[in-house]
Amino acid sequence: MSHEVEADRVMRSMGKLCLEHDPDVFRSVLDRIGDKWSLILIGLLDTGSMRFTELLHTTPGISRRMLTLTLRNLERDGIVKRTIYPEIPPRVEYEVTPFGHTLTAPVIGLAQWAADNQNTIVANRRAFDAAAGHLDDELE
């Protein structure tokens, strides 16, 4: 199958999925699970429950506020479960729900693809930027 035929098939299937469902909800779900912090947190929690501070320290670059918002949104969607233990001081742990585990394989697959292809992506970016710089010179 040619690349153009395959690309057309994929675009039609994505459009079909969007049209067969509520487009706003469909896009919001893709937006949530496609968010970089959500992907990382789902991957981290796949192996077991973690406390907030553990997640904060193992997620480079995330702020406390962003971690709180992302966990809250994942909890709202039923992907992550928050458990509060009645101790002093209170202990809170997060874990992927059974429903959320249906998402972990695609998330890990996407993360693996990103890891496997990061050198190619960097090389492509450099080549593009170099060509764009050359084109910018011609336009002036």
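So, a contact here means heavy atoms within 4.5 Å of each other. With that in hand: among the contacts in this protein chain between residues at least 6 apart in sequence, 44% join residues at least 24 apart. Before I go on, keep in mind that what you're looking at is a predicted model.

Okay, the overall layout. The protein chain has six helices and three strands. If you walk along the sequence, the order goes α-α-α-β-α-α-β-β-α. There are 140 residues in the chain, and 22% of those are buried. In terms of surface, the chain exposes about 10300 Å², with carbon and sulfur atoms supplying 59% of that.

Let's zoom in on helix 3, which runs over residues 36–45. Which residues of helix 3 are buried? They are W37, S38, L41, I42 and L45. And why do they end up on the same side of the helix? Because they cover an arc of only 130° around the axis. Have a look at the start of this helix too: a side-chain oxygen of D35 comes to within 3.1 Å of the backbone nitrogen of W37.

Stay with S38 for a second, since it sits in helix 3. Its relative accessibility is 2%, so S38 counts as buried, given that the cut-off for buried is under 20%. If we skip the neighbours within four places in sequence, S38 is in contact with R32, T70 and L74.

That takes us over to T70, in helix 5, residues 64–76. Buried or exposed, T70? Buried, at 4% relative accessibility. Again leaving out residues up to four places away in sequence, T70 touches D35, W37, S38 and L41. So if you click on T70, you can pick out W37, S38 and L41 around it, and those three are among the buried residues of helix 3. D35 is on the contact list of T70 as well, and D35 is the residue with the side-chain oxygen reaching towards W37.

While we're in helix 5, T68 is found there too. T68 is partly exposed, with a relative accessible area of 30%. Its C-alpha atom is 8.5 Å from that of F52, and the two residues are 16 apart along the chain.

Next up, charges. Side chains of opposite charge can pair when their charged atoms come close. How many salt bridges do we have in this model? The count comes to two. One is E87 with R91, where the closest N and O atoms are 3.0 Å apart. The other has the side chains of R91 and E93 meeting at 2.8 Å, N to O. Because these salt bridges share partners, E87, R91 and E93 are joined into one network. As for how covered they are, E87 is partly exposed, at 37% relative accessible area, while R91 and E93 are both buried.

Now scroll to the stretch between E87 and R91, and there's a nice detail. In general, most peptide bonds are trans. Here, the bond from I88 to P89 is cis, with omega near -5°. P89 lies in the loop between strand 2, residues 80–85, and strand 3, residues 91–96.

Last stop is the surface of helix 6, residues 98–139. L110 is located in that helix, and L110 counts as partly exposed, at 45% relative accessibility. Which residues join L110 in a nonpolar surface patch? W113 and I121 do, and together the patch has about 290 Å² of accessible area.

So, to recap the places to look at: T70 of helix 5 touching W37, S38 and L41, the network of E87, R91 and E93, the cis bond from I88 to P89, and the nonpolar patch with L110, W113 and I121. That's it from me.

Technical notes. Residues are numbered from 1 along each chain as its sequence is written. This is a predicted model: local features need pLDDT of at least 70, side-chain atom pairs count only at pLDDT 80 or more; totals for chains, interfaces and linings use all residues. Side-chain values use heavy atoms; hydrogens and water are left out. Buried means under 20% relative accessible area, exposed over 50%, partly exposed in between (1.4 Å probe, protein chains only). Helices (H or I, at least four residues) and strands (E, at least two) are DSSP runs, numbered from the N terminus. The arc is that of the directions from the helix axis to the C-beta atoms. A polar contact is a pair of N or O atoms within 3.5 Å; within protein, one must be able to donate a hydrogen and the other to accept it, and residues adjacent in sequence count only if both atoms are side-chain atoms. A salt bridge is a side-chain nitrogen of Lys or Arg within 4 Å of a carboxyl oxygen of Asp or Glu. Patches are made of residues with over 30% relative accessible area and no salt bridge: like charges are joined within 9 Å, nonpolar side chains (Val, Leu, Ile, Met, Phe, Trp, Tyr) within 5 Å. Accessible areas come from the Shrake-Rupley method with a 1.4 Å probe; for residues, only the protein chains shown count as cover.
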